[in-house]
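Please find below my notes on this model, set out as numbered points. They begin with side-chain burial and charge pairing, and then turn to confidence and overall architecture.

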Amino acid sequence: AALLALTDHIQGLADLKAVENAALRAERLCEQTTERSRMQDVAAYQVFPTRYEVALRREEVLESRQMLQSRLETLRERLGLHVAGAAAPISLDGTNDVVAVAEAVVRNGVVAFNADDVLRRHPSCLVAAAAVEEAAAALRLVEEQAKDSLELTAGAGWRGESESGVFGDESLTTAENAVLEVGIAWRRPLDRRGPASERAAARAALEAALADAAAVENEVLAALARAQAEYAGASGRLDLASEAIEEARKTLASEEARFNLGEGTSRNVLDAQKDLTTAVRRGIVVARSVVDALVELCHAAGVNPVDLVAGVAPGSAGAEAPKATQGE
């Protein structure tokens, strides 16, 4: 839960950066259009949509900052930092770019887990196996208690009597007064229905524990299969999202060139800017889904995702540099 809150937070950081960049692009276009309108290079009506876009983007920046603060408080809650004081800091070492993290994870290769290994180490399976062992031990105890028992007892002592007819210590040392007792006791429960019902109940409890263990294994394997499918799907979408960002950037560059040549309008540039912003924010969502899917996959496999990605995070040894698309 803490890792999912962390990915939510770094997604918010990336989304805020994308919206701020969109606002800067709209402001630059507004300034450029206003100046060209003053010089009567373009019609005055082309200024109005740029002003609208600037106001809209600034509102989105404030909304993103508000959402980022809310996500930060959720992360503090998951980490238990609220009890440490409202000023408890959160340090994000390394990159805070969720897209760079996702690309590094995908470049590291396919993440797959063996089903048998998962069943042997998954906490839910271990708990179910312990319940089966407990039920089996209870059945063995009931069966043992229901069996007949044969006991052998032995004892040694001395018996003596004084001249007055009462026992006295002076005669206890004679060999004739030695006593040896041996006994054999055989016990058998008279109530045969009670032990039988107890055995039946213990067997039923064992069968129930076995059924629960089988159900847990089925749930674990189903969750693992779903998580693997979600991770594979999210990883495949990441390249397509990056391709869409690159194409949107090319479209914006061409529309800006057309506008500078007087062949296009500010509305064309604004539409291209919005397309780029949409593509970038969509790429951030896809990247977050990759990281979340990896966390869920590790959780389903019963392993620590921190250990899995320790060597593939951006900035670690052997990790490649992020693609140029992260500038947005």
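1. In this predicted model, D15 has a relative accessibility of 14% and therefore counts as buried, the cut-off for that class being under 20% relative accessible area. Its partner is R281, whose side chain meets that of D15 in a salt bridge with an N to O distance of 2.8 Å. Because R281 belongs to helix α7 and D15 to helix α1 (residues 2–38), the pair ties together parts that lie 266 residues apart in sequence. R281 itself is partly exposed, with a relative accessible area of 27%.

2. R281 also forms a salt bridge with E60, where the closest N and O atoms are 4.0 Å apart. This second pair again links distant parts of the chain, with R281 in helix α7 and E60 in helix α2 (residues 47–79), 221 residues apart. E60 has a relative accessibility of 15%, so it counts as buried. A reader who relies on this contact may wish to keep the criterion in mind, since a salt bridge requires the nitrogen to lie within 4 Å of a carboxyl oxygen.

3. Which residues are linked with R281 in a network of salt bridges? The network consists of D15, E53, R57, E60 and R281, and it therefore includes the pairing of R281 with D15 as well as that of R281 with E60. As general background, side chains of opposite charge can pair when their charged atoms come close.

4. A further salt bridge is formed by the side chains of R203 and E143, at 3.7 Å from N to O. R203 lies in helix α6 (residues 193–260) and E143 in helix α5 (residues 123–145), so that this pair links distant parts of the chain, 60 residues apart. R203 is partly exposed, with a relative accessible area of 38%, and E143 is likewise partly exposed, at 28%. The count of salt bridges comes to 19.

5. As for aromatic groups, the count of aromatic pairs comes to zero. There is, however, an arginine placed over a ring: R36 lies over the face of F259, at 4.5 Å from the ring centre.

6. On confidence, the chain averages a pLDDT of 80, and 80% of the residues score at least 70. The mean is highest in helix α7 (residues 266–301), at 91, and lowest in helix α8 (residues 305–309), at 67. Over residues 311–328 the pLDDT is below 50, although this stretch has 37 contacts in the model beyond near neighbours in sequence. The pLDDT also stays under 50 over residues 167–172, for which the model has 15 contacts beyond four places in sequence. Where pLDDT is low, the predicted coordinates should not be read in detail.

7. How many helices and strands does the secondary structure of the chain comprise? It comes to eight helices and two strands, and from the N terminus on the elements run α-α-α-α-α-β-β-α-α-α. Among contacts between residues at least 6 apart in sequence, 79% join residues at least 24 apart.

8. Finally, on surface and burial, buried residues make up 36% of the 328 residues in the chain. The chain exposes about 19,500 Å², of which carbon and sulfur atoms supply 56%.

Terms used
Residues are numbered from 1 along each chain as its sequence is written. Side-chain values use heavy atoms; hydrogens and water are left out. Rings of Phe, Tyr and Trp (its six-membered ring) pair if their centres lie within 6.5 Å; planes under 30 degrees apart count as stacked, over 60 as edge-to-face and the rest as tilted. A charge sits over a ring if NZ of Lys or CZ of Arg is within 6 Å of the ring centre and within 35 degrees of the ring normal. pLDDT is the predictor's confidence in each residue, from 0 to 100. Helices (H or I, at least four residues) and strands (E, at least two) are DSSP runs, numbered from the N terminus. Contact means heavy atoms within 4.5 Å. Buried means under 20% relative accessible area, exposed over 50%, partly exposed in between (1.4 Å probe, protein chains only). Accessible areas come from the Shrake-Rupley method with a 1.4 Å probe; for residues, only the protein chains shown count as cover.
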